Amino acid sequence: MLHTRLRANLPGTLSTESTTACKFQSQKSILFGCPSVDGILGGEFRCGQVVELCGPPLSGKTQLSMKLIATALQENESCRIFFMDTCGQFNPQRLFDILSAANCTPDEVQRHLGRVDIARVSTCERLLQLLDSCSDWAATHAVAPGSAIVIIDILHSLLAPFVGGKSFSDYRFLNAVGQALGYVSGSLGMTVLVITLSCSSFARSDNLDVELS
């Protein structure tokens, strides 16, 4: 198991985790489209990994995920995004603006947006159902291994009630979510970005503010 935790001049913590059992894991790096973040990761964020993006509220986590989506869609025409939204924060206009600012033509923007699937998630049970259905989702859209990115924003809102719980069901849910994430990344070869909240914060650089805009 490779586990790397990276901290720098960011409002949160970035960590990457991969498993050697992932038969689809690629040597191709996944880029966020922000030089400051991509420089910190140093190419260690690769296809078939589970990555946690952690930071306090309003620190730019969702915006950073939008930058990742826009970059992935532009670099790989076969890429498809499955965005699992637990807080209703996904705004297509934000992604539209990022793609337009990247000099994509209106036709290109619409084509890219057509490869983003959004699901509203309000319970752990629903999250597990969606993760379990990722294989069918990939088959439906003919997504090749290594070309799918699953984003969960924000996992904390679903798991917080179970963290620290003493009942068997609490442990069962936490374990089930962990196993499901491992299945999606390790067995299906999908890249998974999990966004969570953190009470700690780091000084935010001026460069990052510019790159996220």
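Trainee: In which strand is Asp153 found?
Mentor: The model is predicted, so local features need pLDDT of at least 70 and side-chain atom pairs count only at pLDDT 80 or more, while totals for chains, interfaces and linings use all residues. Residues are numbered from 1 along each chain as its sequence is written, and side-chain values use heavy atoms, with hydrogens and water left out. With helices (H or I, at least four residues) and strands (E, at least two) taken as DSSP runs numbered from the N terminus, Asp153 is found in strand β6.

Trainee: How far from Asp153 is the nearest side chain of opposite charge?
Mentor: Asp153 is buried, a term that means under 20% relative accessible area, with exposed over 50% and partly exposed in between (1.4 Å probe, protein chains only). Asp153 nevertheless has no salt bridge, defined as a side-chain nitrogen of Lys or Arg within 4 Å of a carboxyl oxygen of Asp or Glu. Counting Lys and Arg as positive and Asp and Glu as negative, and leaving out His and the chain ends, the nearest opposite charge belongs to Lys61, at 6.6 Å.

Trainee: Which element gives the most residues to the largest nonpolar core?
Mentor: A nonpolar core is a set of buried Ala, Val, Leu, Ile, Met, Phe, Trp, Tyr and Cys residues joined through side-chain atoms within 4.5 Å, and of the 31 residues in the largest one, Phe32, Leu68, Ile69, Ile81, Leu95, Ile151 and Leu193 touch the most other members. At least two residues each come from α1, β3, α2 (61–75), β4 (80–85), α3 (92–101), β6 (148–153) and β7 (191–197). With 7 residues, the most is given by α2.

Trainee: Which two residues of β7 (191–197) does Ile151 touch?
Mentor: Contact here means heavy atoms within 4.5 Å, and residues up to four places away in sequence are not counted. The contacts of Ile151 include Ser65, Leu68, Ile69, Ile81, Phe82, Phe83 and Met84. Since β7 spans 191–197 by the DSSP runs, the two asked for are Leu193 and Ile195.

Trainee: What is the angle between the ring planes of Phe32 and Phe45?
Mentor: Rings of Phe, Tyr and Trp (its six-membered ring) pair if their centres lie within 6.5 Å, and planes under 30 degrees apart count as stacked, over 60 as edge-to-face and the rest as tilted; the whole structure has 3 aromatic pairs. Phe32 and Phe45 are buried, and they sit 13 residues apart, Phe32 in the loop between β2 (13–18) and α1 (35–41) and Phe45 in the loop between α1 and β3 (50–55). Their ring centres are 5.6 Å apart, and the pair counts as tilted because the planes lie at 40°.

Trainee: Which residues are linked with Glu77 in a network of salt bridges?
Mentor: Glu77 bridges Arg111, with the closest N and O atoms 3.5 Å apart, and because Glu77 lies in the loop between α2 and β4 and Arg111 in helix α4 (residues 106–113), the pair ties together parts 34 residues apart in sequence. Glu77 also bridges Arg115 at 3.7 Å between the closest N and O atoms. Glu77 is partly exposed at 45% relative accessibility, whereas Arg115 is buried, at 9%. The residues linked with Glu77 are Arg111 and Arg115.

Trainee: Which residue forms a salt bridge with Arg80?
Mentor: Arg80 lies in strand β4 and its partner in strand β5, so the pair ties together parts that are 37 residues apart in sequence. Arg80 is buried at 13% relative accessibility, and the partner is buried too, at 18%. At 2.7 Å, N to O, the residue that meets Arg80 is Asp117.
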